[in-house]
Amino acid sequence: MEDVIGAGTAAGIRVCPGTECGVSRRAFVGATLAAAAAALLSGCGDGQIGPAENPFGPDAPGAGTVIRVADYPALAQVGGIARVDTPGGSVAVVHAAQGTYAVFSMRCPHQGTRVNISGGAFVCPNHNARFNAAGQWTGGQRTGSLVPVPFTYSAATGTITLGAGAGGGNTGGDDDDD
């Protein structure tokens, strides 16, 4: 006598007392692995590899870190990009336009490897994912865009302050209320 768990499905598993089922160990392991692979792949329907959400959770890397723009020569010119290492991870500061900056996590959204700055853009050394200066994925390993880091910019002091409560970015001018 045998019972079938999940009868009528492709992943039905036979439960038999003793060895009367005639199912070899190889067939059982193969069917189990195939069912597990099908279940895993069914959750990956958007074609993106890696998480779409912020890989850092709710806290921005280096929250509270104050960056003096003048300390990074690359930021003197529009289009310049500087890597800033913070206690929470590396971030890239991009001088997007006169008085306007953008800040991105330098963790590749595919598997979390630190991306490199390359020719005014970014490239992941592990799987060759490429991102433009606006953090958008442009080619290579399919993944999401770089994760923006919330910040405020003070033109009066020439500083960028990182943090989740910092207002999400800068479109120019002085974001400080001082």
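## Nonpolar cores

In this predicted model, the largest nonpolar core comprises 14 residues, of which V93, Y101, V103, F151, I160 and L162 touch the most other members. At least two residues of this core come from each of the strands β4 (81-86), β5 (89-97), β6, β11 and β12 (159-162).

Another core lies apart from it and contains 13 residues. Among the members of this other core are I81, F104, V115 and F131.

## Aromatic pair

The structure holds 1 aromatic pair. A pair of this kind is described by the distance of the ring centres and the angle of the planes. For Y101 and Y153, the ring centres are 4.9 Å apart and the planes meet at 45°, so the pair is classed as tilted. The stated angle falls in this class because stacked planes are under 30 degrees apart and edge-to-face planes over 60.

The pair links distant parts of the chain, as 52 residues separate its two members. Y101 belongs to strand β6 (residues 100-105), whereas Y153 belongs to strand β11 (residues 151-154). Both Y101 and Y153 are buried. Y101 also appears among the residues of the largest nonpolar core that touch the most other members.

## Charge over a ring

A further contact with an aromatic ring involves R142 and W137. The charged end of R142 sits over the ring of W137, at 5.4 Å from the ring centre.

## Backbone at N128

Most residues other than glycine have a negative phi. N128, which is not a glycine, has a positive phi of about 65°. This residue, N128, lies in the loop between β8 (121-123) and β9 (130-131). With a relative accessible area of 41%, N128 is partly exposed.

Definitions and conventions. Residues numbered from 1 in each chain as written. Predicted model: local features only at pLDDT ≥ 70, side-chain atom pairs only at ≥ 80, totals over all residues. Heavy atoms only, no water. Phe/Tyr/Trp six-rings, centres within 6.5 Å; stacked < 30°, edge-to-face > 60°. Helix = DSSP H or I, 4+ residues; strand = E, 2+ residues; numbered from the N terminus. Buried < 20%, exposed > 50% of the residue type's maximum accessible area, 1.4 Å probe, protein only. Lys NZ or Arg CZ within 6 Å of the ring centre and 35° of its normal. Core = buried A, V, L, I, M, F, W, Y, C linked by side-chain atoms within 4.5 Å.
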